[in-house]
Amino acid sequence: MAQLVVTPERFPIRGSFTIARGSKSEAAVVLVELHEDGLVGRGECVPYARYGESVEDVAAALTALAAPVAAGMGREKLSSLLPPGAARNAIDCAFWDLEAKRTGTPAYELAGLPAPQPAITAFTISLDTPEAMAEAARASGHELLKLKLGTDGDPERIAAVRAATPGTRLIVDANEGWTAANLASNLAACADAGIELVEQPLPAAEDALLAYTARPVPVCADESAHGLDSLPQLVGRYDALNIKLDKTGGLTEALALARAARAAGLDIMVGCMVATSLAMAPAMLLAPLARFVDLDGPLLLARDREPSLRYEGSVVYPPEPALWG
Ligand SMILES: CC(C)C[C@H](N)C(=O)N[C@@H](CCOc1cc(O)cc2c1C(=O)N[C@@H]2C)C(=O)O
Ligand SMILES: [Mg+2]
């Protein structure tokens, strides 16, 4: 029977990171370890205030599972005990890792997935002035950039980055910062600049408008997409959804959501919060199902876990078993 250990941790961000909702200077994560017969399964999550989560509440919800876990409770019970969200993510991924270690079978095989392959990840450019974003984009040298937008002057930011990086693939993320009044003009600016995807333009509560708006660039749900239950209301409004394990409550529901979304004709982005390689590793298993991979969390950190995922230029490599899975 496994012993559950829950540890809140902080990892400093290199400089700071700004989106439409505010700035961050550190990643606040919760680590879950499941110790059994000398083996340790691990998972990591990022509680997000936007979804009503805090480090304290998530750690408490996980600690409350110590007794049932010690009594033999397994991964299959989690969806009846925790909502889709950060707490379930950390323990779900820890169960997958423990099972992989106990059976000697890689997690991708346990999940019925192909072996994950190296993938091009997006690299995020923090929200700033048009000049500063253009310079950060040019200096990054990455093949696929995700521009954080969501405030006045976004067409100028888009135009400045496009002029500075003519050959670079671009996606943008408004983090709910656009409005009914500027949606059409901002989407037109994206189309003019050859932007490949626009993530969460409107506040989640205003999604209905998207069904009646021309979408000259594919539009991807992020803050509107959570677990499987959220899928029906995205169809007809969005062209893609950003699957993050912190929103689905781990790999188990992420897989079900990815398969259901593809069956409904939606493209998939596999995304992340600002977190370490341990949080990215299970998400790498979804990369073969995804049109866009956005697993750059560790690239923004001043310090990562050891061992970490391997990043070379724009390419992220599948995890080694010593990290996860
Ligand atoms: C390193 C990147 C930020 C990761 C990824 N490319 C990305 O864009 N992810 C999210 C951004 C969410 O990040 C936030 C926003 C926020 O207001 C507060 C936090 C975080 C986070 O990761 N940790 C704290 C809680 C996206 O919108 O797609
Ligand atoms: Mg987003």
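Let me begin with K244, which is buried, with a relative accessible area of 7%. In this predicted model, K244 sits in the loop between β10 (240-243) and α9 (245-248). Setting aside its neighbours within four places in sequence, K244 is in contact with D222, G271, C272 and M273. Of these contacts, I ask you to keep D222 in mind, since D222 also belongs to the metal site.

Before I turn to that site, a word on confidence. The chain has an average pLDDT of 97, and 100% of the residues score at least 70. For the complex, the predictor gives an ipTM of 0.93 and a pTM of 0.97. Where pLDDT is low, predicted coordinates should not be read in detail.

Now the metal site. Which residues coordinate the magnesium ion, ligand 2? They are D173 through OD, E199 through OE and D222 through OD, at 2.1 to 2.2 Å. Along the chain, the donors of this ion follow the spacing D-x25-E-x22-D. Distant parts of the chain are linked here: D173 belongs to strand β7 (residues 169-173) and E199 to strand β8 (residues 198-199), 26 residues apart.

Are these two donors, D173 and E199, buried or exposed? D173 is buried, at a relative accessible area of 0%. E199 counts as buried as well, because its relative accessibility is 1% and the cut-off for a buried residue is under 20%.

Let me stay with D173 for a moment. Not counting residues up to four places away in sequence, D173 touches K146, L147, K148, L149, E199, Q200 and D222. That list includes E199 and D222, which are donors to the magnesium ion. With K148, the contact is also polar: the side chains of D173 and K148 are joined at 2.7 Å. For those who prefer backbone distances, the C-alpha atoms of D173 and P201 are separated by 7.1 Å, with their positions 28 residues apart along the chain.

K148 brings us to strand β6, residues 144-148. How many of the residues of β6 are buried? The count is 5 of 5, so the strand is described as mostly covered, buried meaning under 20% relative accessible area. In a regular strand, the side chains alternate between the two faces of the sheet. In β6, both faces are covered: L144, K146 and K148 are buried on one side, and L145 and L147 are buried on the other.

Strand β6 has a neighbour on each side, and I shall take them in turn. Strand β5 (residues 123-125) pairs with β6 in the parallel sense over 3 bridges. Within that pairing, T124 stands opposite K146. Between β5 and β6 the chain passes through helix α6 (residues 130-140), and this β-α-β crossover is right-handed.

The other neighbour is β7, which runs parallel to β6 and is joined to it by 5 bridges. Here L147 has V172 in β7 as its bridge partner. The chain travels from β6 through helix α7 (residues 154-164) to β7, and this β-α-β crossover is likewise right-handed.

These strands belong to an open sheet of 8 strands, ordered β5-β6-β7-β8-β9-β10-β11-β12, with parallel pairing. Its edge strands are β5 and β12 (292-293), each of which pairs on one side only. Further along the sheet, 2 bridges join β8 to strand β9 (residues 219-221), and the two run parallel. The metal donor E199 stands opposite C220 in β9.

I close with some backbone geometry. Most residues other than glycine have a negative phi, and most peptide bonds are trans. Where does this model depart from that pattern? D37, which is not a glycine, has a positive phi of about 50°. D37 lies in the loop between β2 (22-36) and β3 (39-45), and it is exposed, with a relative accessible area of 73%.

E176, also not a glycine, has a positive phi of about 70°. Its place is in the loop between β7 and α8 (183-192). In contrast to the exposed D37, E176 counts as buried, at 11% relative accessibility.

As for the peptide bonds, a cis bond joins E306 and P307, with omega about -5°. P307 is found in the loop between β12 and β13 (311-312).

Technical notes. Residues numbered from 1 in each chain as written. Chains lettered and ligands numbered in written order. Predicted model: local features only at pLDDT ≥ 70, side-chain atom pairs only at ≥ 80, totals over all residues. Heavy atoms only, no water. Donors = N, O, S within 2.8 Å, 3.2 Å for Na, K, Ca; no water. Helix = DSSP H or I, 4+ residues; strand = E, 2+ residues; numbered from the N terminus. Buried < 20%, exposed > 50% of the residue type's maximum accessible area, 1.4 Å probe, protein only. Contact = heavy atoms within 4.5 Å. Polar contact = N/O pair within 3.5 Å; in protein donor to acceptor, adjacent residues only side chain to side chain. pLDDT = per-residue confidence, 0-100. Pairing = 2+ DSSP bridges. Right-handed = clockwise from strand over helix to strand, strands pointing away.
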